[in-house]
Amino acid sequence: LYIRMLLILAGTLYTSRVVLRVLGVEDFGIFNIVAGFVSMLAFFTSSLSNVSQRYLSLGLGHRDMVRTTQCFRQSFTLLTGISVMVLIAGETVGLWFVCNKLVISPSRYEAALWVYQFALVSVVSSIMQVPFLADIIAREKMGIYAYVGIFEAVSRLLIVYVLLVASMDAL
């Protein structure tokens, strides 16, 4: 887990510097404000993970697989519903906010909408992975958890590499 943490830290420090250089000040600001607005919708992901993990751990501790399976199903169903609500709120209220309240130059407007859509998909997918990560942590499969974190860090590095070599709009 310590190696995972160090790799993610190094990768994040490197990618943030490269993303700022590739995007430039204006596009980096657009990226942060639009993606940050969507990320506000995911502030409760860690608390939902902790709740799911707690009840899964209780079921596993009592060696009650029926209770554990039922808890996982309920958690998955609840988080699927929350994901749908976040998606609906993001595509209505959030999109209205981005289109009407954020001050974005007309030349970057379409790119900002693309960033918004990708950020919304990212938030929904992170909410949907909560029960699975909670199950991994409740079963104390920290090796899998570390590999998933390393995979995420490597994926970010690959995306930054694509930004460096691609001849498209970086935002």
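1. Let's start with D135, which is found in helix α5. This is a predicted model, so take what follows about the residue as a computed picture. D135 has a relative accessible area of 19%. The cut-off for buried is under 20%, so D135 counts as buried. Not counting residues up to four places away in sequence, D135 touches L56 and F72. If you want to look at one acidic side chain by eye, I'd pick this one.2. C71 has its place in helix α3. With a relative accessible area of 13%, C71 is buried. Leaving aside neighbours within four places in sequence, C71 is in contact with S52, Y55 and L56. L56 also turns up among the contacts of D135. As for distance, C71 and I3 are 68 residues apart along the chain, and their C-alpha atoms are separated by 32 Å.

3. Now for α2 itself. This helix covers residues 45-61, and its 17 residues should span 24 Å at 1.5 Å a residue. The end C-alpha atoms are 24 Å apart, which agrees with that expectation. After the helix comes R63, whose phi is positive, near 55°.

4. Which residues of α2 are buried? They are T45, L48, S49, S52, L56, G59 and L60. Looking down the axis of α2, these buried residues fall within an arc of 100°, so they line one face of the helix. They pack against α3 (65-100), α4 (109-128) and α5 (130-138).

5. The α2/α5 pair deserves its own point. The two axes come within 8 Å and cross at roughly 45°. Angles under 35 degrees would count as roughly parallel and 65 to 115 as roughly perpendicular, and α2 and α5 are therefore oblique to each other. Their crossing is right-handed. On the α2 side, the residues that meet α5 are T45, L48, S49, S52, Q53, L56, S57 and L60. Their partners in α5 are V130, P131, A134, D135, I137 and A138.

6. The other pair to go through is α1 (residues 2-39) with α6 (residues 142-165). These helices pack at an angle of about 20°, with their axes 10 Å apart. That makes α1 roughly parallel to α6. Here the crossing is left-handed. The α1 residues involved include R4, L7, I8, G11, Y14, V18 and V22. Across from them, α6 contributes residues including Y145, A146, G149, A153, R156, V160 and L164.

7. On α6 alone: the helix has 24 residues and reaches 35 Å from its first C-alpha to its last, close to the 34 Å expected at 1.5 Å a residue. Its buried residues are A146, G149, A153, V160 and L163. What covers them includes α1.

8. Finally, the chain as a whole. How many helices and strands are there? The chain has six helices and zero strands, and along the sequence the pattern reads α-α-α-α-α-α. The C-alpha atoms fill a box of roughly 60 × 40 × 20 Å, taken along the principal axes. Of the 171 residues, 34% are buried. Among contacts between residues at least 6 apart in sequence, 80% join residues at least 24 apart.

Methods:
Residues numbered from 1 in each chain as written. Predicted model: local features only at pLDDT ≥ 70, side-chain atom pairs only at ≥ 80, totals over all residues. Heavy atoms only, no water. Helix = DSSP H or I, 4+ residues; strand = E, 2+ residues; numbered from the N terminus. Expected span 1.5 Å × (residues − 1). Buried < 20%, exposed > 50% of the residue type's maximum accessible area, 1.4 Å probe, protein only. Arc of directions from axis to C-beta. Contact = heavy atoms within 4.5 Å. Axes fitted to C-alpha atoms, helices over the stretch in contact; angles between N-to-C directions. Parallel < 35°, antiparallel > 145°, perpendicular 65-115°, else oblique. Left-handed = near helix turned anticlockwise from the far one by under 90°.
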